[in-house]
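Grab a coffee and open your favourite viewer. Here is a small set of exercises to work through at your own pace.

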Amino acid sequence: VQLVESGGGWVQPGGSLRLSCLPSESIFRFDNIGWYRQAPANQRELVASIVKVGSSRYSDSVQGRFTISRDFAKNTVDLQMNSLKPEDTGVYYCYGEGMMPSGSKDKIWGQGTQVTVSS
């Protein structure tokens, strides 16, 4: 199972970007799916996640600015990022946790997409 991210790029402070994560299998496979980010010299941190039943949670630093959602028609998990700040800069990784074709539960990662917020 693979996760492919898209939608990163450069934006000025206060701008918006939308990230999309496309799994190679149905998003219903995942009990928990979402986004982490990693800034230079920092640890990877959880930004937003959504569970199978639909409830979501956010880090305090993005609460009220970012929205995670699932598009069942496109089979994607999207992250709408508004009011972006320079401290949102980093590589954003999609992750998914759930039962894999191997028969065991696992956590898998996408390759990451760069988000740069600067003037």
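The exercises below go from the whole chain down to single residues, each with a worked solution.

Two notes before starting. This is a predicted model, with local features needing pLDDT of at least 70 and side-chain atom pairs counting only at pLDDT 80 or more, while totals for chains, interfaces and linings use all residues. Residues are numbered from 1 along each chain as its sequence is written, and side-chain values use heavy atoms, with hydrogens and water left out.

**Exercise 1. The overall build**

Work out how many helices and strands the protein has, and check its radius of gyration against that of a compact globule.

Solution.
- Start with the secondary structure, where helices (H or I, at least four residues) and strands (E, at least two) are DSSP runs numbered from the N terminus. The tally is zero helices and eleven strands.
- Next comes the radius of gyration, taken over C-alpha atoms, with the globule rule being 2.2 Å times the number of residues to the power 0.38. For 119 residues the rule gives a value near 14 Å, and the protein has 14 Å, so the two agree.
- For the outline, take the principal axes: the C-alpha atoms fill a box of roughly 45 × 30 × 25 Å.

**Exercise 2. Inside, outside and charge**

Find what share of the residues is buried, how much surface is exposed, and how far apart the mean positions of the positive and negative charges are.

Solution.
- Buried means under 20% relative accessible area, exposed over 50%, and partly exposed in between (1.4 Å probe, protein chains only). By that cut-off, 41% of the 119 residues are buried.
- The exposed area is about 6100 Å², with carbon and sulfur atoms supplying 49% of it; the method is Shrake-Rupley with a 1.4 Å probe.
- For charges, Lys and Arg count as positive and Asp and Glu as negative, leaving out His and the chain ends. Each charge sits at NZ of Lys, CZ of Arg, CG of Asp or CD of Glu. The 12 positive and 11 negative charges have mean positions 2 Å apart.
- Last, contacts (heavy atoms within 4.5 Å): of those between residues at least 6 apart in sequence, 56% join residues at least 24 apart.

**Exercise 3. The aromatic pairs**

How many aromatic pairs does the structure hold, and which parts of the chain does the Phe28 and Phe72 pair tie together?

Solution.
- Rings of Phe, Tyr and Trp (its six-membered ring) pair if their centres lie within 6.5 Å; planes under 30 degrees apart count as stacked, over 60 as edge-to-face and the rest as tilted. The structure holds four such pairs.
- Phe28 and Phe72 have ring centres 5.1 Å apart and planes at 5°, so this pair is stacked. Phe28 is in the loop between β3 (17–23) and β4 (30–38), and Phe72 in the loop between β7 (66–71) and β8 (76–81), so the pair ties together parts 44 residues apart in sequence. Phe28 is partly exposed at 47% relative accessibility, and Phe72 is partly exposed at 46%.
- Tyr36 and Tyr95 pair edge-to-face, at 5.1 Å centre to centre with 80° between the planes. Tyr36 lies in strand β4 and Tyr95 in strand β9 (residues 90–99), so this pair ties together parts 59 residues apart in sequence. Tyr36 is buried at 16% relative accessibility, and Tyr95 is buried at 2%.
- Finally, ring pairs link Tyr36, Tyr95 and Trp109 into a cluster.

**Exercise 4. Two strand residues**

Decide whether Arg37 is buried or exposed, do likewise for Val77, and list some of what each touches.

Solution.
- Arg37 lies in strand β4 and is buried, at 5% relative accessible area. Not counting residues up to four places away in sequence, its contacts include Glu45, Glu87, Asp88 and Tyr92. Asp88 is 51 residues from Arg37 in sequence and 8.5 Å away in space, C-alpha to C-alpha.
- Val77 is in strand β8 and buried, at 0%. Beyond its neighbours within four places in sequence, Val77 contacts residues including Leu19, Cys21, Trp35 and Ile68.

**Exercise 5. Positive phi**

Compare the surroundings of Ala41 and Asn75.

Solution.
- Ala41 has a positive phi of about 70° although it is not a glycine. Ala41 is in the loop between β4 and β5 and is exposed at 88% relative accessible area.
- Asn75, also not a glycine, has a positive phi of about 60°. Asn75 lies in the loop between β7 and β8 and is buried at 17%.
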